[in-house]
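Let's take a friendly walk through a protein model. Have a look at the sequence and the 3D view, and then we will go through some details together.

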Amino acid sequence: MALDILIAGGGIGGLAAALALHRDGHRVTICEATAELKPLGVGINLLPHAVAVLDDLGLLPALQAMAVPTSALVFASRHGQTIYEDIRGLAGGYSHPQFSVHRGELQLMLWREAVAHLGADRVIAGERITGARLDGDQVVARLVDAQGRPLERRAGVLIAADGIHSAIRRQFYPDEGPPRWNGMMMWRGTSLAPPFLDGRTMVQAGHRRAKFVVYPIAPPRPDGLQLINWICDRRLREDGLGGGLTAPGREDWNKPGSIDDLLPTFGGWRFPWLDVPAVIQGATQLLEWPMVDRDPLPRWRHGRITLLGDAAHPMYPIGSNGATQAILDATAIAKALREEHRVETALAHYEAERRPMCARIVELNRQEGLDYILDMVEDRAPDGFERLEDVIDPAEVEAFVKRYKAAAGHRQTPAATT
């Protein structure tokens, strides 16, 4: 049964949901608050199970043209010494590649696809959904357009994919308050630099107080340089480990950062394969962002209204889970509405499939996810090591990785070795 479906938010999750639902014959309208989309943000990673969803939507060729297929995730000490190498993508036993890509470029690609498939009149920029009410078997959404004028839209289903500051989430949970900060500040930058290692590796180096993450997000250019995404994590407050602090200012993808805040900590991090301070000083852009999340909710669905992506389960950007989980939400809600014609029941099935897993990942990320490997080595060998085996049992690391992947829903083929 074809439904009129309204989606609040034209981010990665909302656009993926629109494409999946349109393919199933639903009449989908997206309302995005931003009046003019630009390729904002820096790099993100898409895990293979999210790439499989985009492949099913016919988007794999576009992804391959714009992204880098990640060969491995390397965990290293703050001295640049390799602790563990986790092979990713097809070589790691997955059915699809893992991709590193510019967040804004991915969003624009999905936006263009939505316009091509849904029609320009159903992909609307400059309309912010501020609230909604139920009216029988209809949802009436309240909106404000780019000129500040109020209006309403009716639909059979409303999917709130309007991010960590979701108006719909706030309507149902008005006492929740601001996002919870763990005391860590992130500086996200991009630089043009010669490729490092094999030109397709993602590296996480350091420990819970200071961490440097780096990976390429575009193929090498004719001049031999590559667009490198990097993140400097620096803990400003130790008392926020439980996520109970209020972040210093509203989270904003576009808040500029300063190199001067980074060099006192990372200025000496020169590795055999990468000069970290040189990469930082070569920044083409630098954005500052507090590491925040929200507590898992007891429910997402309210009648014919439900949540998706960061509106449902904002989580720390650990383990490449943010965009990945939003894309998995998108295919799950389409599947639920395809298999169950009663709307409320379908939305309940979608929530039953996705909410427990996402709540588990929120908790895993609060425990640092796979990055806990870095802390184990830093605590035991803060000055570096000559032989890793003298510091940590590789079998201990391997077992930890396997447990995390199983808990976080990584799906591999029977040939997988990790």
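Right after helix 2 comes Gly58, a residue with a positive phi near 85°. The model is a predicted one, and this spot is a good place to begin reading it.

Helix 2 itself covers residues 48-56, and its buried residues are Pro48, His49, Ala50, Val51, Val53 and Leu54. What do these buried residues of helix 2 pack against? Their partners are two strands, strand 3 (43-46) and strand 7 (99-102), together with helix 3 (60-66), helix 4 (103-118) and helix 8 (322-339).

**Positive phi beyond glycine**

Gly58 is a glycine, but a positive phi also turns up in residues other than glycine. Ser320 is one of them, with phi near 60°, and Glu368 is another, with phi near 80°. Where do they sit? Ser320 belongs to the loop that joins strand 21 and helix 8, while Glu368 is found in the loop between helix 9 and helix 10 (372-380).

Are these two residues buried or exposed? A residue counts as buried when its relative accessible area is under 20%. Ser320 has 17%, so it is buried. Glu368 has 19%, so it is buried too.

**Aromatic rings**

Next, look for the rings. The structure contains 8 aromatic pairs. Two of them are set out here.

| Pair | Centre to centre | Angle between planes | Kind |
|---|---|---|---|
| Phe271 and Trp273 | 5.0 Å | 40° | tilted |
| Trp300 and Tyr350 | 5.7 Å | 55° | tilted |

Why does the pair of Trp300 and Tyr350 tie together separate parts of the chain? Trp300 sits in the loop between strand 20 (283-293) and strand 21 (305-307), whereas Tyr350 is part of helix 9 (residues 343-366), so the pair links parts that are 50 residues apart in sequence. Trp300 has a relative accessible area of 2%, which makes it buried. Tyr350 is buried as well, at 0% relative accessibility.

In the other pair, Phe271 and Trp273 are both buried. These two residues also belong to one aromatic cluster, whose other members are Phe196, Phe212, Trp230, Phe266 and Trp269. Try highlighting the cluster in the 3D view.

**The whole chain**

Now zoom out. The protein chain has 11 helices and 21 strands. Its C-alpha trace spans about 70 × 45 × 45 Å along the principal axes. How does the radius of gyration compare with that of a compact globule? A compact globule of 418 residues would have a value near 22 Å, and the chain has 21 Å, so the two agree.

Many of the residues we met were buried, and across the chain 57% of the 418 residues count as buried. What about contacts along the sequence? Among contacts with a separation of 6 or more, 73% are between residues 24 or more positions apart.

Finally, turn to the surface and the charges. The accessible surface comes to about 16,800 Å², and carbon and sulfur atoms account for 50% of that. The chain carries 46 positive and 52 negative charges, and the mean positions of these two groups lie 4 Å apart.

Notes
Residues numbered from 1 in each chain as written. Predicted model: local features only at pLDDT ≥ 70, side-chain atom pairs only at ≥ 80, totals over all residues. Heavy atoms only, no water. Helix = DSSP H or I, 4+ residues; strand = E, 2+ residues; numbered from the N terminus. Rg over C-alpha atoms; globule rule 2.2 N^0.38 Å. Buried < 20%, exposed > 50% of the residue type's maximum accessible area, 1.4 Å probe, protein only. Contact = heavy atoms within 4.5 Å. Areas by Shrake-Rupley, 256 points an atom, 1.4 Å probe, with all protein chains shown as cover. Lys, Arg positive; Asp, Glu negative; His and termini not counted. Charge placed at Lys NZ, Arg CZ, Asp CG, Glu CD. Phe/Tyr/Trp six-rings, centres within 6.5 Å; stacked < 30°, edge-to-face > 60°.
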